[in-house]
Amino acid sequence: MALSGVRKDRELRIHESLDDLSTDLADYIADISEASVKERGVFAIALSGGSLIGLMGKLCEAPYNKTVDWAKWYIFWADERVVAKSHVDSNYKLAKDRFLSKVPIIPSHVHSINDSVSAEEAADDYGFVIRQLVKSRVISVSDISDCPKFDLILLGMGPDGHVASLFPNHSVLEEKDEWVTFITDSPKPPPERITFTLPVINSASNVAIVATGESKAEAAHLAVDVMGSDLPPVPAGVVQPLKGKLVWFLDEAAASKLDAGTQFSA
């Protein structure tokens, strides 16, 4: 690890190599899984897609493949493209091919979206599934709102600073009532998606944002350094769990435009 800094409820972990980042990410996920299983008997984790899934790959290897209590994992998606599960753009397919098929997670614990309905119906269906699992205490509930409280939400970040399917200047950023909502005009294809809303993301016990590569450097700067300024932050910049912890996992390229004081904050 090159640098690590903590400020308020935000931690930055900046790594010299993708291999180091991937190992640290696996340790981080395994630790939260262990703590959640000890406390609640289950581990509810929500994933996004993209390069994040590949960076989780070390969880499929020793020692994690043997030491993690996979039977207690419940998998959700923080966002999903409304395409068939076999489609190349499906976050479910990506996670299944690169991660879920390689570890002994119970199939009925994997909660993908209904891919045979419209985006609006898929969002409604997914919200209903989550509400049922909150009632059965598979997912906790926030003690300061009525939102679900996931043990961990893992997010990637796009070069424009979007997280989940919350894009800059999009009206979906203002959604406060629904847990899961939909868009039909994504600026990045495919256009139809479902996504957790900001209140749900910010109700999680733990949120991690993973960003690598020089193309993410400006967005990382805007998200991390410009928080609290008069400039409108990119969507990643308004991710801040209300009573949870936020950790940024960056490689040196993605962190290259951060203010020096931010990099070394502690």
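This is a working chat about the strands, loops and backbone details of a predicted model.

Me: Let's start with the sheet around E10; what is the strand order there?
Reply: The order is E5-E10-E9, in an open sheet of three strands with antiparallel pairing. E5 and E9 each have a single partner strand and stand at the edges, so one side of each is left without a neighbour in the sheet. Direction ignored, neighbouring strands of this sheet are turned against each other by 20° on average.

Me: How many bridges hold E5 and E9 to E10?
Reply: Strand E5, residues 79-81, is joined to E10 by three bridges, and strand E9, residues 180-183, pairs with E10 over four bridges. To pick out one position in each pairing, Asp79 has Thr195 as its bridge partner in E10, while Val180 stands opposite Phe196.

Me: And are the side chains of E10 buried or exposed?
Reply: Both faces of E10, which spans residues 193-196, are covered, with Arg193 and Thr195 buried on one side and Ile194 and Phe196 buried on the other.

Me: Which helix lies across E9 and E10?
Reply: That is helix H5, residues 119-135, which runs at about 165° to E9.

Me: Where is Glu192, and what does it touch?
Reply: Glu192 is found in the loop between E9 and E10. Leaving aside residues up to four places away in sequence, Glu192 touches Glu80, Arg81, Val82, Ala119, Ile183 and Thr184. Glu192 is nevertheless partly exposed, with a relative accessible area of 34%.

Me: How many Å apart are Glu192 and Ser205?
Reply: Taken from C-alpha to C-alpha, Glu192 and Ser205 are 28 Å apart in space, with a sequence separation of 13 residues.

Me: Switching to E4: why do we call it largely enclosed?
Reply: Five of the five residues of strand E4, residues 73-77, are buried, so E4 is largely enclosed by the rest of the structure. Trp73, Ile75 and Trp77 point one way from the strand, whereas Tyr74 and Phe76 point the other way.

Me: What pairs with E4, and is that parallel or antiparallel?
Reply: Strand E3, residues 43-47, is joined to E4 by five bridges, and the two run parallel. Within that pairing, Phe43 stands opposite Trp73.

Me: How many disulfides does the structure hold?
Reply: The structure holds zero disulfides. As for individual cysteines, Cys60 is buried at a relative accessible area of 16%, and Cys147 also counts as buried, at 5% relative accessibility.

Me: Now the backbone; which peptide bonds are cis?
Reply: The bond from Ala62 to Pro63 is cis, with omega near 0°, and so is the bond from Pro189 to Pro190, with omega near -5°. Pro63 is found in the loop between helix H2 (51-55) and helix H3 (64-67), and Pro190 is found in the loop between E9 and E10.

Me: What about positive phi in a residue other than glycine?
Reply: Arg137 has phi near 70°, and Asn169 has a positive phi of about 60°. As background, most residues other than glycine have a negative phi.

Me: Where are those two, and are they buried or exposed?
Reply: Arg137 is found in the loop between H5 and strand E6 (140-141), and is exposed, with a relative accessible area of 67%. Asn169 is found in the loop between strand E8 (152-156) and E9, and is likewise exposed, with a relative accessible area of 80%.

Definitions and conventions: Residues numbered from 1 in each chain as written. Heavy atoms only, no water. Buried < 20%, exposed > 50% of the residue type's maximum accessible area, 1.4 Å probe, protein only. Pairing = 2+ DSSP bridges. Axes fitted to C-alpha atoms, helices over the stretch in contact; angles between N-to-C directions. Contact = heavy atoms within 4.5 Å. Disulfide = S-S within 2.5 Å.
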